[in-house]
Amino acid sequence: MTKRYVLVHDENKCIGCQACNVACRSENNVPESVTRLQVRIEGPYGNFPHLHFKYNRVSCEQCENAPCVKVCPTGAAYVNDDGIVSVNENKCVGCLYCVAACPYKVRFINPETRVPDKCDFCKDSRLARGEQPACVSVCPTQALTFGDANDMTSEVRRVLDTKPNYQQKVNLGTEPRVYRIPSRRGGIKA
Amino acid sequence: MKLDRRTFIKGAGAGTAGCALATLPGSLAALGHSTLKGSAESVASICEMCSTRCPITARVVNGKNVSILGNKNAKSYGGAVCARGGAGHSQLYDKQRIVKPLKRVGERGEGKWAEIEWDEAYGIIAENLNKIKAQHGAESVAFSSKSGSLSGHLFHLAKAFGSPNTFTHATTCPAGYVVAAKAMLGGKVKRDLSNSKYIINFGHNLYEGINMSETRAMMNAQMEKGAKLVVFEPRFSIVADKADEWYAIKPGTDVAVALAICHTLIEDDLYDKAFVAEFVSGFAEFAKEVKAYTPEWAESISDVPAEDIRRITHEYAAAAPHALVDFGHRASFTTEEFEMRRALYAANVLVGNIERKGGLYFGKKAAKYNKFAGEKAAPTLAKPGVEGMPKIDAKRIDMVDEQYSLIWSSGGVYQTILDATLTATPYQLHAWVMSRTNPMQTMTDRARVVETMKKLDFVVACDIYISESAAYADIFLPESTYLERDEEIVDKSGKNPAYYVRQKVVETIGDTKPSWLIWKELADKLGQGQFFPWENMETLQLFQVGKNVSLLNKIKSEGWVSYGKPLLLREPAMVKQFVESYPNAKPLDADGTYASQLSFKTPSGKIELSSSKVEKMAPGRGVIKYREVNMKKADELFFIQGKVAVHTNSATQNVPLLANLMSDNAVWIHPITAGLLNISSGDKIRIYNDTGSEEGHALVTPGIRPDTVFAYMGCGSKNKELARATGKGVHCGNLLPHVTSPVTGMNLHTTGVKIAKI
């Protein structure tokens, strides 16, 4: 059976500390002016004193049905066998269609390589070495769980099966592979 | 340039090139930057991006980058590393880092520097310090360093030189809880957050002021074990957000709520009478004093509803002894810091959570642990001593008042350097040697720090950047960063003994040196070389382990070595496990614990809820008591500060990766207050009081009390050498008055300000 790599972000455990952001930047040599991964601390929402923040992970959603792949005229944007939305730099003509098509606004042009860039779960570096993506391995509060959702014995499968979770903008039919465990206070702002 | 479509769209992205600044003498930019030489294999070491000093593993990748991760051998740290720790490499090869000794060539603070060689730097320092010593005595030179790591080497130099005036940053940061613990419990205690079922927290923001093992422990207790967290804090911080209950307490009134909790525990008969009878002295006086501190009284002062204080206290007592009131960290909220921290400890003592799971406990270092085990369960470390050190007759400058005696040996009252310099109290200081400390930001009343630095005859600063304080030095000594240093083995014992060590990951960049070597070489130049008999760091490490090379190698290769099982003396299950592991272990008490072995280094040998020693030191303070304090004028707003997860106080604002995440600190203002002042988010504002005036911008948010404004500390540097930080945001130290709190010697971090739109 093929792999289906997914990531779960627990908004209860996330403290918005940006350890993931920095680790990602370091691991993937992301230039200063762009970002593959941020956690935005949004809010506070609600009314004093009943307030809450939303911890919004902003990175590639690894859509099963990826708009960036659909619009790519050359096949440079593609979904790998493991489900990771990937970029073949050699095939890219820099048309920017993928950047425009991404409903999550997480694709960008890398100012150094000049091709589209985004989170790829550290697939060529850490994943290839059998390690967890950088963000997952450094997270101080273990807010991130990563793994193969097709593996019924995996931790990520257990988390998805036992905790309430949601995906962003499911109405678009993109079927994101980044799942979120909603904060136990406040509503879901997908 | 290859012109294709990709080149064309380059312009569409955000610009990458930073503006070319006039190159700073001595900086990496001025001296060039070669490839990194270091281990491609992971090296176990210790982070220094903040004072938590987490165990890390690091390696050089392709000679260009350093990958920094946690060390999985240290279980409570979980192999994790925070944003600051992960950004260590960004500091290492930052082009603005200083990698060559510098000599001031303009006025102090003017920013004119010339590169010099180490020998010349040592020569100038030795000549000046020896001249000052001959004219005014060695005591007229103050030595200060951020505590921990290599600070002992600077203080050793001070003693060899003959000055008693050594200071850490303690009274600008953690001294409050340390002094209160010494007075009541005879020494520092730790929190067993991970096993706690109920945690009451007074603005100890562990989710922004990250202390990796404690942050993880509290989150684990909350999320995996269902612990309840109650937070009292004027601001809606991340820890407030993660709490089950948050109360926007009025700034500076924490002591009232803590005393009301104690009141309720006693009056509602919820306290642990057996524990109090066996281990506590001065309970009757304390109970008599807190009788008046009802929850209703506390509500009138703090804005926390009495019924909630009462209910929370009952819930807390029901969860006890596996429950705790967090005694906090950074201070001080008011001048009544000592009473506040003591009241927080008292709320723990009353429920008898000492040496219980989820409560408070004493560190179990090897010597203590081995005594219980009846065998050498863990190796002990030797401490090198040097014979024939000069006798110092002069008194410390902070020994003007007996009430501060508990802090004299724990870092001293740092800000007395200002009094001694400016008003010769108790005598005149003439020079200041500082290492990794930034009093311009942390000591309060910045103008007074500037005045002090200008008045001194001679100032030396050792650091990795020209900090706002180092900007006023005569000689700047560039220290190697932690990734380029070897250091002594460090005792990191918790419930069981543990050691770890900092090791060099990268070969030294530029012409920098570790500060242990700097002070040793300076001692040579000063004529005190005989007091530094060690050849190098390895000599010191080998002395520590008693020449046990295999132990040293084990600590170096694993990076974190712990021994035995966790031990809490009053926790039956843990004690049982312990005794089963060690056949010669001390015999148990009848109740299956080591409770009778519990001792406190206080005059009575018990926990002193009331203390005659304190009464003697500071008349009227023997018993914990509430005193009204006035933190601000009637027409002012409270001004409070706090930590953010991506910066360490005043130290990291210029680190590129972190500056890119946050280089400014907006002032949090409640919508009602902002409305009255006609201020919207993003507006430029002036924030001012009698101490100083700052310009910044507003963040209008409901996450703050209407009578309070907040800013993250550490921003707004005023020296041009910190190009990424200078002039960005509000400089908190410029708004805080120079006040020293009774007994703890703490400076003050809450004051009043006015805000105006500009």
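## Domains of chain B and the contact with chain A

In this predicted model, the C-alpha centres of domain 1 of chain B and domain 2 of chain B are 39 Å apart. The division of chain B comprises three entries, with the residue ranges tabulated below.

| Domain of chain B | Residues |
|---|---|
| domain 1 | 99-169 + 414-479 + 514-530 |
| domain 2 | 175-363 + 599-617 |
| domain 3 | 637-757 |

Domain 1 of chain B is thus assembled from separate stretches of sequence, as is domain 2 of chain B, whereas domain 3 of chain B is given as one range, 637-757.

Turning to the contact between the chains, 43 residues come from chain B and 36 residues from chain A. On the side of chain A that touches chain B, two or more residues are given by each of α1 (19-28), β2 (38-47), β3 (50-58) and α5 (134-138) of chain A. The most is contributed by α1(A), with six residues. By residue class, this side of chain A holds 20 nonpolar, twelve polar and four charged residues.

Chain A itself contains nine strands and six helices. Its radius of gyration is 16 Å, close to the 16 Å expected from the globule rule for 190 residues, so chain A is as compact as a globular protein of that length. The C-alpha trace of chain A spans about 55 × 35 × 35 Å along its principal axes.

Within chain A, 48% of the 190 residues count as buried. Among the contacts in chain A with a separation of 6 or more, 55% are between residues 24 or more positions apart.

Key. Residues numbered from 1 in each chain as written. Chains lettered and ligands numbered in written order. Predicted model: local features only at pLDDT ≥ 70, side-chain atom pairs only at ≥ 80, totals over all residues. Domains from an automatic or database assignment. Contact = placed C-beta atoms within 7 Å. Helix = DSSP H or I, 4+ residues; strand = E, 2+ residues; numbered from the N terminus. Nonpolar A, V, L, I, M, F, W, Y, C, P; charged D, E, K, R; others polar. Rg over C-alpha atoms; globule rule 2.2 N^0.38 Å. Buried ≥ 20, exposed ≤ 12 C-beta atoms within 10 Å, placed from the backbone.
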